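Trainee: Please take a close look at one strand for me. I would like to know what sits on either side of the strand and where the strand fits in the whole.

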There are 2 protein chains.
Amino acid sequence: MSDLVLRFPRAAQSSRIRIAAGGLDRLGAFTRGVTGAGRVVVVSDVRVAALYAPRALASLRRAGIAAELVAVPRGERSKRVATLDRLWAAFAALGLGRRDAVIALGGGVVGDLAGFAAATWLRGVPWVGVPSTLLAQVDSSVGGKTGIDLGAGKNLAGAFHQPRGVLVDPRLLLTLEARELRSGLAEVIKMGMACDARLFAWAERHAGALSRGEPRALEHAVRTSIRVKAAVVRRDEREREGGVRTALNFGHTLGHAIERARGYRGLRHGEAVAIGMRAAAALSVRAAGLEPAARERLERLLDRVGLPRRMPPTPVAALLDAMRSDKKRAPSRDGAGRRGNARGRAQRGRNDTRDTRWVLTPRVGHASVPRSMSGRLVRAALLEAGARD
Amino acid sequence: MSDLVLRFPRAAQSSRIRIAAGGLDRLGAFTRGVTGAGRVVVVSDVRVAALYAPRALASLRRAGIAAELVAVPRGERSKRVATLDRLWAAFAALGLGRRDAVIALGGGVVGDLAGFAAATWLRGVPWVGVPSTLLAQVDSSVGGKTGIDLGAGKNLAGAFHQPRGVLVDPRLLLTLEARELRSGLAEVIKMGMACDARLFAWAERHAGALSRGEPRALEHAVRTSIRVKAAVVRRDEREREGGVRTALNFGHTLGHAIERARGYRGLRHGEAVAIGMRAAAALSVRAAGLEPAARERLERLLDRVGLPRRMPPTPVAALLDAMRSDKKRAPSRDGAGRRGNARGRAQRGRNDTRDTRWVLTPRVGHASVPRSMSGRLVRAALLEAGARD
């Protein structure tokens with residue numbers, strides 16, 4: 001007998017991104033416009049909540065929306081299943097229904113966590129992002145990736161769930177710590193180097209203003225980076241293998257590996273990505289035809305905004321292991337990934353010649369799809385970036 | 001300045017449903033066909049795993065698919081966040097990648113849990129359902145609803161995630177307990193009463209064979225129920241308000257309320273739904289023009305397959321509270337739902353006249369969209385169904 005095949009057409013989803021200095025005070029009208037919600041739960045972290053939740057809640061209530069705040073502890077440690085469970089319980093206690101909405105007021109951690117809670121509450125309710133860090137404004141607020149970390153790795157559980165709207169208020173960056181600001185600038189520079197030569201050249205001309213956190217420069221950086229990212233994500237929402245979205249991983253092969261090998265301590269994400277971009281540029285000169293002068297431009301720009309050149313001493317073998325068990329690919333099947341034992345790692349160390357995959361930049365503003373790079377070339381780049389044998 | 005609006009078109013998803021006696025032994029080829037996976041994790045419960053996992057794993061391995069089994073405890077208690085977390089950890093340890101798949105071998109609990117784990121692992125991997133109970137074969141395996149229970153209620157966290165394929169092997173029903181079988185027959189009868197008069201009439205003619213679990217009758221019931229449900233779900237995947245999928249909730253307003261008010265103990269889901277259908281039919285006579293003879297046909301059919309007439313004594317107020325905080329609608333906002341206190345419930349008890357929403361059947365094979373019913377009419381129906389003041 002024949003099978004029954006059910007086809008489920010999917011309505012297109014849309015996300016409205018508004019960039020407006022001082023926009024936080026108009027969050028209520030924005031939320032009403034993109035969701036129609038009569039009730040929202042605002043998820044934030046304790047620091048951002050102390051700074052901005054009163055204005056957010058006041059604006060929501062002025063718009064006739066019942067709004068409650070749930071604040072989670074700061075930092076990556078909140079991106080875990082216990083906190084997700086706490087949010088679900090709060091949604092239940094507050095009576096959040098299918099036509100209501102979740103608002104994520106904070107940095108990447110809050111956006112990932114609250115977006116995932118919205119993706120899974122009652123099988124999906126609308127959400128609105130209000131990113132409060134440069135990194136979140138230029139990068140993680142656009143694209144619909146949500147999720148939490150598990151014991152086995154970062155972002156392993158999650159969903160693609162596009163926010164109905166993202167309200168980007170560059171004035172929120174005025175309270176950002178300098179180091180957080182620099183970490184965000186790494187993603188702006190990445191967007192330029194991998195996707196948009198004009199943005200890169202603009203950042204070179206305004207490196208001083210950017211590193212001092214001047215509002216007009218930041219607003220331009222945010223606006224342009226979002227445009228660039230939106231154009232990429234629109235073409236490849238799900239980051240298909242070989243899709244254009246993989247360009248956004250420039251600098252992230254090594255960046256994630258450093259963070260992972262060091263247990264996510266010490267370095268900010270943007271700092272690790274900066275080191276990763278330098279290494280990827282070195283490999284690009286050797287294997288993708290990037291001109292040495294272009295690599296020099298990248299190095300100089302990263303220097304000028306104060307991003308680091310080298311990682312703290314980290315074993316090459318640990319970095320290679322971390323690269324191979326990155327979620328971007330399936331976890332390794334040969335047992336060489338996180339299941340590898342210490343003896344195996346020690347034996348491999350110096351002579352590990354297995355390939356890893358890198359996004360390279362043949363020229364400023366252009367990235368290749370991820371390419372396999374030989375262990376020998378990669379080892380040299382890692383040692384140059386501060387890894388040790 | 002103008003907003004940036006991102007539109008994300010969505011590719012249609014499809015689900016292949018195969019009904020084949022003895023199909024379990026061809027699970028490998030089926031899985032390869034619908035997912036292309038090279039590696040799968042089979043999620044099951046301990047009882048079903050003992051009965052059927054060896055054959056499932058053998059078939060998968062014959063098809064060249066690396067397969068590992070994860071068995072969870074039996075029963076609804078496995079549909080919770082701790083078990084979900086355990087599955088994610090198992091996926092990590094087994095190296096389940098984006099092109100791999102999850103197989104749910106079991107009843108509704110296993111399908112909901114494993115489907116939700118698949119929906120959220122690496123932001124979504126394919127899954128295949130192999131339903132082992134009549135209830136799961138005719139109902140929960142088709143439709144893509146996945147999820148877990150929270151402390152605050154059933155199925156509160158979840159996702160719509162269509163399985164790539166569902167392999168329905170009616171022979172798995174041969175090991176089903178009689179009471180489980182009857183519970184599944186309630187959903188077959190529901191499908192007939194609410195959506196398909198021919199199925200209903202066929203069930204009347206074969207009530208004896210169905211209640212004895214005769215394979216040919218069961219296979220026909222499964223095949224027809226799936227066809228009917230598929231036709232409904234195809235038109236209204238997300239159960240929109242007023243959409244046709246709400247017809248599938250016939251008998252469930254009260255059925256869920258009974259389960260909830262009694263803490264999900266004592267009655268099987270289908271038994272509670274049978275009581276709910278009887279009450280909904282009584283209301284349909286009074287408020288939707290159902291002919292008394294048609295109601296009588298439903299009552300008689302439910303009697304013949306051995307489904308209960310009345311619930312164990314349960315307070316009317318508890319049932320009404322449970323109906324109002326059903327996830328099908330937003331949790332109540334007036335504090336009268338699960339946040340209501342005991343005194344409030346006691347005061348309301350006898351005189352509670354607030355409306356509740358019911359799917360009614362104006363005639364056999366046809367359901368209305370959910371309608372508000374007056375507290376007075378509902379009270380009478382609840383008392384008739386065994387509730388007490």
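**Strand S1 of chain A**

Mentor: Start with one pair. A:Arg18 has A:Leu167 as its bridge partner in S8(A). This is a predicted model, so read every value as computed from a prediction. The pair belongs to a wider pattern. S1(A) and strand S8 (residues 165-168) of chain A are joined by four bridges. These two strands run parallel.

Now turn to the other neighbour. That one is in chain B. S1(A) is joined to strand S1 (residues 4-19) of chain B by 11 bridges. Here the strands run antiparallel. One pair to find on screen is A:Arg7 with B:Ser14, its bridge partner in S1(B).

Next, follow the sheet outward. It is an open sheet of 12 strands with mixed pairing. The order is S3(A)-S2(A)-S4(A)-S5(A)-S8(A)-S1(A)-S1(B)-S8(B)-S5(B)-S4(B)-S2(B)-S3(B). So S1(A) is flanked by S8(A) and S1(B). At the edges stand strand S3 (66-72) of chain A and strand S3 (66-72) of chain B. Each has a single partner strand, so one side of each has no neighbour in the sheet. From one strand to the next, the twist averages 20°. A helix packs on this sheet too. Helix H2 (residues 46-62) of chain A touches strand S2 (39-45), S3, strand S4 (101-106) and strand S5 (127-131) of chain A. The direction of H2(A) makes about 160° with that of S2(A).

Back to the two chains. Their contact involves 55 residues of chain A and 55 residues of chain B. On the chain A side, the elements that give two or more residues are strand S1 (4-19), helix H3 (81-94), helix H4 (108-120), strand S6 (145-150), strand S7 (153-160) and helix H9 (215-235). S1(A) gives the most, with 15 residues. By class, that side of chain A has 26 nonpolar, 13 polar and 16 charged residues.

How are the two copies related? Chain A superposes on chain B after a rotation of 180° with 0.0 Å of shift along the axis, at an RMSD of 0.0 Å. That is the relation of a two-fold axis. A:Arg10 is the residue of chain A that comes closest to the rotation axis, with its C-alpha at 2.6 Å. The same surface serves both copies, as 100% of the contact residues of chain A recur in chain B.

S1(A) also matters to a second contact, this one inside chain A. Chain A is divided into domain 1 (16-174) and domain 2 (178-388). Their C-alpha centres lie 27 Å apart. Domain 1 puts 20 residues into the contact, and domain 2 puts in 27 residues. On the domain 1 side, S1, helix H5 (134-140) and S7 of chain A each supply at least two residues. There H5(A) gives the most, with five residues. The domain 1 side divides into 12 nonpolar, six polar and two charged residues.

Last, the whole chain. Chain A has 15 helices and 12 strands. Its C-alpha atoms fill a box of roughly 65 × 65 × 40 Å along the principal axes. The radius of gyration of chain A is 21 Å, which agrees with the value near 21 Å for a compact globule of 389 residues.

To recap the strand: S1(A) pairs parallel with S8(A) and antiparallel with S1(B).

Terms used:
Residues are numbered from 1 along each chain as its sequence is written. Chains are lettered from A and ligands numbered from 1 in the order in which they are written. This is a predicted model: local features need pLDDT of at least 70, side-chain atom pairs count only at pLDDT 80 or more; totals for chains, interfaces and linings use all residues. Two residues are in contact if their C-beta atoms, placed from the backbone, lie within 7 Å. Ala, Val, Leu, Ile, Met, Phe, Trp, Tyr, Cys and Pro count as nonpolar, Asp, Glu, Lys and Arg as charged, and the others, Gly among them, as polar. Two strands pair if DSSP finds at least two bridges between them. Copies are superposed by least squares on the C-alpha atoms of residues with pLDDT of at least 70 in both. Domain bounds come from an automatic or database domain assignment. Axes are lines fitted to C-alpha atoms, for helices over the stretch in contact, and angles run from 0 to 180 degrees between N-to-C directions. The radius of gyration is taken over C-alpha atoms; the globule rule is 2.2 Å times the number of residues to the power 0.38.
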